[in-house]
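Okay, everyone, pull up the model on your screens and give it a spin. I'll walk you through the parts I'd like you to look at.

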Amino acid sequence: VFAEVVAKKRPFGMAASEEETEALTGLLDVARGLENLPVSAWPPGARPAPFQYTPDHVVGPGADIDPSEITFPGCTCVTTSCVPGTCSCLRHEENYDGSQCLRDMGSSEATYARPVFECNILCQCGEHCRNRVVQRGLQFHLQVFKTEKKGWGLRTPEFIPKGRFVCEYAGEVLGFSEVQRRVHLQTAQDSNYIIAIREHVCDGQVMETFVDPTYVGNAGRFLNHSCEPNLLMIPVRIDSMVPKLALFAAKDIWPGEELSYDYSGRFLNLMDREAKERPHDEKLRKPCHCGAKSCLAFLPYDSSCTVPW
Ligand SMILES: [Zn+2]
Ligand SMILES: [Zn+2]
Ligand SMILES: [Zn+2]
């Protein structure tokens, strides 16, 4: 029963060929059959530059923990759905409501997002437990499309209610020295896909996670930045201590709307304030074309990746 939850995705390396999926759907499946829903590309015949598709994080150079290893024990709940108080996975309150919506969408006053722990492969509860959402994979169709000014972007042909899980930002999990090396090799024309998540754990300790979907990644790598994003990123842990970077709808999203998030983490303060206040390297800054009223004119750039601290 528990294996089914994770077995919906094809194992890494067993992707369907482009020809196979295009023949079946009439459209290129960017995910190559690796997601539980195909990710189409628009216009037909257009192909984003090749990269290796993975629905889940993979271990990259210098990573402390292999994200595919199971590091958490499961709960012993034998009820249909886990409830706070008795379930060891739900220490504080429920993460999701009965409609698979994230309950705590964060507020502008909150300094940091509350971490989410989902039930995992070792939990005794069933696959219908409410505390299993991100692990179910894509629930809405996504489409990679050619934008006017921003290269490729990601949109949805479906209505997505506020709070629902949209997709992960998955890629190679890297160590800090590898991040520095890769950032150092970037030119001003290269897109920077590397994301740094700093989480404040107990005793003033900071846990850092670096994810790079440049070479190996999922549909999340096509998301553009917006100063008024419709997605927010929450670290979600399932089987591993390495968080999945899960993107949830921050508001109701209409069919055809471009999906975006705030690269700076400003929307949910995922990066620490110190990093945000560091001076920006002006020559590496790129103009922002999000079109929002509150647009800051430039894309955020996390200069902390280039400065050892
Ligand atoms: Zn459960
Ligand atoms: Zn439980
Ligand atoms: Zn559990």
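Let's start at the metals, with Cys 82: this residue bridges the zinc ion (ligand 2) and the zinc ion (ligand 1), and those two ions lie 3.8 Å apart. Before going further, you should know that this is a predicted model, where local features need pLDDT of at least 70, side-chain atom pairs count only at pLDDT 80 or more, and totals for chains, interfaces and linings use all residues. As for bookkeeping, residues are numbered from 1 along each chain as its sequence is written, chains are lettered from A and ligands numbered from 1 in the order in which they are written, and side-chain values use heavy atoms, with hydrogens and water left out.

So what holds the zinc ion (ligand 2)? Its coordination comes from the SG atoms of Cys 75, Cys 77, Cys 82 and Cys 87, at 2.3 Å. When I say donor, I mean an N, O or S atom within 2.8 Å of the metal (3.2 Å for Na, K and Ca), and since water is not among the atoms, sites may look incomplete. The angles among the four donor atoms of ligand 2 run from 105 to 113°, and the site is tetrahedral. That word applies to four donors if all angles lie between 85 and 135 degrees. Along the sequence, the donor residues of this ion follow the spacing C-x1-C-x4-C-x4-C.

Now move over to the zinc ion (ligand 3). Its protein donors are Cys 75, Cys 89, Cys 119 and Cys 123, each through SG, at 2.3 to 2.4 Å. Why is this arrangement called tetrahedral? Because the four donor atoms subtend angles of 95 to 118°. The sequence spacing here is C-x13-C-x29-C-x3-C. Cys 89 sits in the loop between β3 (58-59) and β4 (116-117), and Cys 123 in the loop between β4 and β5, so the pair ties together parts that are 34 residues apart in sequence. By the way, strands here are DSSP runs of E with at least two residues, numbered from the N terminus. Ligand 3 also has a link to the zinc ion (ligand 1): the two are 3.8 Å apart, and Cys 119 coordinates both.

Are these cysteines buried or exposed? Cys 75 and Cys 82 are both buried. So is Cys 89, at a relative accessible area of 11%, and so is Cys 123, at 0%. The cut-offs are under 20% relative accessible area for buried, over 50% for exposed and partly exposed in between, with a 1.4 Å probe and protein chains only. And how many disulfides does the structure hold? Zero, where a disulfide would be a pair of cysteine sulfur atoms within 2.5 Å.

On to the sheet. It's an open one with five strands in the order β1-β5-β6-β14-β11, and the pairing is mixed. β1 (39-42) and β11 (224-225) stand at the edges with a single partner strand each, so one side of each has no neighbour in the sheet. We call two strands paired if DSSP finds at least two bridges between them. β5 (residues 142-146) and β6 (residues 152-155) pair antiparallel over four bridges, and Val 144 has Leu 154 in β6 as its bridge partner.

Next comes β14. β6 joins β14 through two bridges, running antiparallel, with Arg 155 opposite Glu 258. β11 also joins β14 through two bridges, but this pair runs parallel, and Asn 224 has Ser 260 as its bridge partner. Both faces of β14 (residues 258-261) are covered: Glu 258 and Ser 260 on one side, Leu 259 and Tyr 261 on the other, all buried.

Last topic, salt bridges. A search of the whole structure finds 11, counting a side-chain nitrogen of Lys or Arg within 4 Å of a carboxyl oxygen of Asp or Glu. One of them joins Glu 94 and Arg 130, whose closest N and O atoms are 3.4 Å apart. That pair links distant parts of the chain, with Glu 94 in the loop between β3 and β4 and Arg 130 in the loop between β4 and β5, 36 residues apart.

Then there's Arg 198 with Glu 208, at 3.5 Å from N to O. Arg 198 lies in β9 (residues 195-200) and Glu 208 in β10 (residues 206-217). Arg 198 is buried at 3% relative accessibility, whereas Glu 208 is partly exposed at 31%. Finally, salt bridges with shared partners join Glu 172, Glu 178, Arg 181, Arg 182 and Asp 212 into one network.

Technical notes: Four donors count as tetrahedral if all angles lie between 85 and 135 degrees; four count as square planar and six as octahedral if opposite donors are over 155 degrees apart and all others between 65 and 115; anything else is irregular.
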